[in-house]
Amino acid sequence: SCSPCSPCSPSRRAKLVQAAVKVNVYRTINYLLQSSSPIQSKVKKGQLEVLGALFDNKTGRVEFMGKSPHEEMILSSSLPSSIAPLLRQAGPRDQRLPAPRKPSPAWALQKLTEGNARFALGTTLDFRSAKPEATYAAVVSCSDCPVSAEAIFDAMPGSLFVLPNAGNTYSQAGSSLLGSLEFCTSKLNVPLILILGHRECDAICSCTRMTMDRERQDSFGQDMIMQDLQAVIHRARAEMGPSADINTVADHAIKVNIFQTMEHLLRHSQRLRELVRNSELELQGGIFDKASGCVEFLGHALRLDEVLRLDDDGAASQRSAAAAVSLTSAEAALKLLQEGNSRWISGTAVASRIPKAMAGAETAPFCAVIGCADLRTPVEQIFDSMPGEIFVLRNAGNTITHAKGSMVTSLEFCTCKLMTKLILVLGHTACMALSSAMCVESCAGKASDALVQGIRSASDGSKEISMEEAVELNIYHTMDCLLQYSSCIREKVQTGELEIRGAVYKCATGHVQFLQEAHAGPKETLKGA
């Protein structure tokens, strides 16, 4: 091999020439198949074959190359409808569209569509002989896509503003991705932003496997990308139904992620919303299929009208208005939790984009949550809350074992001093602490012994209970213990100043199921007090 700074050796140059000749042969075959209806018809009927070959002048030998690798794709109807009308025009010597004085979003989208048609059909242009072009589109792509965005759209260097990241996603307000997009749309007057996903995306496929495989959910605690994509997987799984397998959910999640990224960018940027309102900018989605080379264009964000109606303060005004009524009653606090969980599941969480000035302000917690230590998703994230809005306490099994423990004293401080109106005992499916406690008669510590005892007493001594039943029984047992051990909390519940509720977090979907007040345990505890 030759060094980077020296000219290519004769042998290497010969190999490059040979490779270029083969590419040209296949390109010619593709052009014949796409341009001639009679040839295409005969090939489909098996009456004709179009093959390639390479003749070696030195040896006189002919290397038969066979059919074009793109033949099946060209003859079938698998090409996207956006590319099909261009097949008769996308010849090997087509020229790029001339740029208007002020490029429109529609013109930029047509440029991308025609460029992808040339790439898919093997009729790409030689950028070395093309005239320089101004940047006409920004592309948010995935880092593990096997083909660059410039190649996919047959674009010369500089004509696309490409921003790749893992999973072509966006979650954090104020990130470099949003700043870069605001720069290119405001300073470079780019009229189109394309969110480009791709089939078999490793980031989304890995996240889907972890989400649907309970034994691997602990990986979320170590991988921020997976945490960002988890809401996407939950939403895709809910839309596809419980019977959908991993591959089906992952394939749908790719599309869900693209629409979510478009929506998040608009929700987080007043500047982008203004440009879209004025028809100076469009956000579009697309999925690249490396097998065919084609891009399936998906269109605009699904809830575009709703997002464009956001006021200048966006999420801040919406969230602060909710916080203003959060201290009025337990029902208001419960509603905030329910609404926050709904936003997190649907991928429209707002807490991450609250201005730092507001997030840093002193905020009294509207709710206290007793969670489990092995719950891999932060409680604040589950309920889309700002820092300080939820008083979070966590231990193994979300349980309370004795009156003088830190859990009881902390909750007394929260309810009696901070005047919190609601305590939520939050269990979760696939609880490792609970399943371990159910398997043994006695554990090494008092807390585990109390946990086992509580479950069995609540179930009338029956050991034949499911894991789902055990989770709910343990929640009610914690509620009973809290009322039994704390006179302060018991008095507030009796006077209606405080409520204690239970809920179960579904790890597979991200949904929080709030339990009904049908369990008699807390009421009986109050009567016996």
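The following exchange asks how several descriptions of this predicted model are justified.

Reader: What makes some parts of the model less suited to close reading than others?

Author: The mean pLDDT of the chain is 78, and 75% of the residues reach 70 or more. Over residues 87-94, however, pLDDT stays under 50, although the model has 16 contacts beyond four places in sequence for this stretch. Residues 355-361 likewise have a pLDDT below 50, with 7 contacts in the model beyond near neighbours in sequence. Where pLDDT is low, the predicted coordinates should not be read in detail.

Reader: Why is N30 called buried?

Author: The relative accessible area of N30 is 1%, and buried means under 20%, so N30 is called buried. This residue is found in helix α1, which covers residues 10-35.

Reader: What does N30 touch, leaving aside its neighbours within four places in sequence?

Author: N30 is in contact with S68, H70, I74, L121 and G122. For L121 there is also a distance to report, since a polar atom of the N30 side chain lies 3.2 Å from the backbone oxygen of L121, and the limit for a polar contact is 3.5 Å.

Reader: Why is T415 called buried?

Author: T415 has a relative accessible area of 1%, and with the limit for buried set at under 20%, T415 is therefore called buried. T415 is found in helix α16, residues 406-416, and a polar atom of its side chain lies 2.8 Å from the backbone oxygen of L411. Apart from residues up to four places away in sequence, T415 touches T420, I423, I489, K492 and L498.

Reader: K492 is among those contacts; how do you know that K492 forms a salt bridge with E497?

Author: The closest N and O atoms of K492 and E497 are 3.3 Å apart, and the criterion asks for a side-chain nitrogen of Lys or Arg within 4 Å of a carboxyl oxygen of Asp or Glu, so the pair is counted as a salt bridge.

Reader: Are the two partners buried or partly exposed?

Author: K492 has a relative accessible area of 13% and is buried, whereas E497, with 39%, is partly exposed; the boundary that separates these two terms is 20%. Elsewhere, salt bridges that share partners join R199, D251 and E296 into one network, and the structure holds 12 salt bridges.

Reader: Why are R267 and E263 said to be separated by about one helical turn?

Author: R267 and E263 both belong to helix α9, residues 246-268, and because they are 4 residues apart in that helix, about one helical turn separates them. Their side chains meet in a salt bridge of 2.9 Å, N to O, and both R267 and E263 are buried.

Reader: What makes K335 and E339 a salt bridge, with the closest N and O atoms 4.0 Å apart?

Author: The cut-off is within 4 Å, and the distance of 4.0 Å, as given, stands at that figure; the pair is counted as a salt bridge. K335 and E339 are separated by about one helical turn, because they lie 4 residues apart in helix α13, residues 330-346. E339 has 34% relative accessibility and counts as partly exposed.

Reader: Why is S180 called partly exposed?

Author: S180 has 22% relative accessibility, and the partly exposed class lies between 20% and 50%, so S180 counts as partly exposed. Its place is in helix α6, residues 176-186. S180 touches F161 and L163, not counting residues up to four places away in sequence, and from S180 to L163 the C-alpha separation is 8.3 Å, with their positions 17 residues apart in sequence.

Reader: What makes F55 eligible for a nonpolar patch on the surface?

Author: Members of a patch need over 30% relative accessible area, and F55, in strand β1 (residues 52-55), is partly exposed at 49%. Together F55, V62 and F64 form the patch, with about 350 Å² of accessible area.

Reader: Why is D213 called partly exposed?

Author: Its relative accessible area is 27%, which falls between the limits of 20% and 50%, so D213 is called partly exposed. D213 is found in the loop between α7 (202-212) and α8 (224-240). D213 and A508 are 295 residues apart in sequence, yet 8.5 Å apart in space, C-alpha to C-alpha.

Conventions. Residues are numbered from 1 along each chain as its sequence is written. This is a predicted model: local features need pLDDT of at least 70, side-chain atom pairs count only at pLDDT 80 or more; totals for chains, interfaces and linings use all residues. Side-chain values use heavy atoms; hydrogens and water are left out. pLDDT is the predictor's confidence in each residue, from 0 to 100. Contact means heavy atoms within 4.5 Å. Helices (H or I, at least four residues) and strands (E, at least two) are DSSP runs, numbered from the N terminus. Buried means under 20% relative accessible area, exposed over 50%, partly exposed in between (1.4 Å probe, protein chains only). Patches are made of residues with over 30% relative accessible area and no salt bridge: like charges are joined within 9 Å, nonpolar side chains (Val, Leu, Ile, Met, Phe, Trp, Tyr) within 5 Å. Accessible areas come from the Shrake-Rupley method with a 1.4 Å probe; for residues, only the protein chains shown count as cover. A polar contact is a pair of N or O atoms within 3.5 Å; within protein, one must be able to donate a hydrogen and the other to accept it, and residues adjacent in sequence count only if both atoms are side-chain atoms.
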